[in-house]
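Colleague: I am new to this one, and I would like to understand the words people use for it. Could you take me through them slowly?

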Amino acid sequence: MRTLLVSLDRRWRRSGHVMPSLRWRACFFITLNAVVLSMLIFDAPIGAGHMPEAIQRFGEILTDFGDSAWLILTSVLLFFHGRAGYKLLKSARAKAQALYVSWIGAYLFMTVVFSGLLANFLKRTIGRARPEHFQDLGVLSFTPFSGHAALESFPSGHSTTVGAFFAATALLFPRYRVPFIAGAIWLGMTRVMVGAHYPSDVIAGLAFGAWFSLLTAIVYARYGLLFKLCPDGWPTSKRYFPDAL
């Protein structure tokens with residue numbers, strides 16, 4: 001572990017990049033407007049109505065794919081599989097490939113875990129009532145630090161995990177970014193289908209998770225790991241072994 005930390009410190013010192021400006025104010029403004037408009041236009045009809053049974057069943061089948069537990073386990077397995085390969089394999093190329101896999105596991109772990117922790121903190125701080133309490137409390141009921149899961153709707157934790165994971169994979173494998181984005185939207189909206197969240201909760205969660213993955217990728221690029229920074233500051237994947245992954 002000490003060797004790893006020393007190596008990371010050297011990478012940071014060697015890098016001449018500065019943290020880029022990604023026009024975050026404009027992106028935040030767009031996201032904020034999307035969330036507010038969703039609250040005003042879509043949340044009340046969703047809370048007052050009832051999803052058709054077929055849609056609810058469809059959402060129940062897919063929604064657990066947004067659970068962080070299996071994503072965390074997968075990322076941990078990738079990391080240790082890569083580290084073991086780095087120790088055991090003989091050829092330089094095979095060792096480098098194993099190391100690459102381990103850094104992918106570490107990146108996915110960081111994006112899913114830390115975005116989820118921050119989202120849970122925000123949920124408890126904001127304290128928005130879930131759709132099940134729409135008839136009693138409406139869509140704009142906020143009880144900060146209530147300690148009740150029924151009053152922790154905004155942002156959606158599942159959607160944050162989904163946004164973080166699919167944004168991370170879209171950055172790592174940009175060739176497939178369109179299906180990854182589509183998958184994030186579909187899985188995020190299953191939280192609405194099952195009645196666990198309002199649309200605005202999902203939009204906020206997806207955006208928060210995606211931005212967390214993007215910023216984490218920028219930090220990785222600063223260390224020279226997995227990503228490199230384009231002139232406009234956008235992180236792009238370093239494909240050392242395009243035929244391996």
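Modeller: Gladly! Let me start with one residue: L226 counts as buried, at 3% relative accessibility. Please keep in mind that this is a predicted model.

Colleague: Why is L226 called buried?

Modeller: Buried means under 20% relative accessible area. L226 has 3%, so L226 is buried. Its place is in the loop between helix 9 and strand 1.

Colleague: What makes the phi of L226 worth a remark?

Modeller: Phi of L226 is near 65 degrees, a positive value in a residue other than glycine. Most residues other than glycine have a negative phi.

Colleague: Which other residue has a positive phi, near 55 degrees?

Modeller: That is F145, again a residue other than glycine. F145 lies in the loop between helix 6 and helix 7.

Colleague: Is F145 buried or exposed, and how do you know?

Modeller: The cut-off for exposed is over 50%. F145 has 59% relative accessibility, so F145 counts as exposed.

Colleague: How many helices and strands are in the protein chain?

Modeller: There are nine helices and two strands. From the N terminus on, the order is α-α-α-α-α-α-α-α-α-β-β. Of the 245 residues in the chain, 42% are buried.

Colleague: Which residues touch the most other members of the largest nonpolar core?

Modeller: This core has 30 residues, and those with the most contacts to other members are Y107, L108, F166, L172, Y220, L226 and F227. At least two core residues come from each of helix 5 (92-126), helix 7, helix 8 (177-193), helix 9 (199-223) and strand 1 (227-229). As for Y220, the residues it touches include W103, Y107, L226 and F227.

Colleague: Why is helix 7 called roughly antiparallel to helix 8?

Modeller: The axes of helix 7 and helix 8 come within 9 Å and cross at roughly 175 degrees. Angles over 145 degrees count as roughly antiparallel, so helix 7 is roughly antiparallel to helix 8. On the helix 7 side, the contact is made by H158, S159, V162, F166, T169 and A170. Helix 8 brings R177, F180, G183, A184, L187, G188 and R191. By class, the contact has six nonpolar, five polar and two charged residues.

Colleague: What makes S159 buried?

Modeller: S159 has a relative accessible area of 0%, and the limit is under 20%, so S159 is buried. S159 is placed in helix 7. Among the residues S159 touches are G188 and R191, and both of these belong to the helix 8 side of the contact.

Colleague: How do you know that the side chains of S159 and S156 make a polar contact?

Modeller: The distance given for this pair is 3.0 Å. A polar contact is a pair of N or O atoms within 3.5 Å, one able to donate a hydrogen and the other to accept it, so the 3.0 Å pair of S159 and S156 fits.

Colleague: And T160, is it buried or exposed?

Modeller: T160 is buried, because its relative accessible area is 0%, and buried means under 20%. T160 is in helix 7 (residues 157-172). The side chain of T160 reaches the backbone oxygen of G205 at 3.5 Å. Residues that T160 touches include S115, P155, G205 and F208.

Colleague: What kind of peptide bond joins F154 and P155?

Modeller: A cis one, with omega about -5 degrees. Most peptide bonds are trans. P155 sits in the loop between helix 6 (134-137) and helix 7.

Note on methods. Residues are numbered from 1 along each chain as its sequence is written. This is a predicted model: local features need pLDDT of at least 70, side-chain atom pairs count only at pLDDT 80 or more; totals for chains, interfaces and linings use all residues. Side-chain values use heavy atoms; hydrogens and water are left out. Helices (H or I, at least four residues) and strands (E, at least two) are DSSP runs, numbered from the N terminus. Buried means under 20% relative accessible area, exposed over 50%, partly exposed in between (1.4 Å probe, protein chains only). Contact means heavy atoms within 4.5 Å. A nonpolar core is a set of buried Ala, Val, Leu, Ile, Met, Phe, Trp, Tyr and Cys residues joined through side-chain atoms within 4.5 Å. Axes are lines fitted to C-alpha atoms, for helices over the stretch in contact, and angles run from 0 to 180 degrees between N-to-C directions. Angles under 35 degrees count as roughly parallel, over 145 as roughly antiparallel, 65 to 115 as roughly perpendicular and the rest as oblique. Ala, Val, Leu, Ile, Met, Phe, Trp, Tyr, Cys and Pro count as nonpolar, Asp, Glu, Lys and Arg as charged, and the others, Gly among them, as polar. Lists of a residue's contacts leave out its neighbours within four places in sequence.
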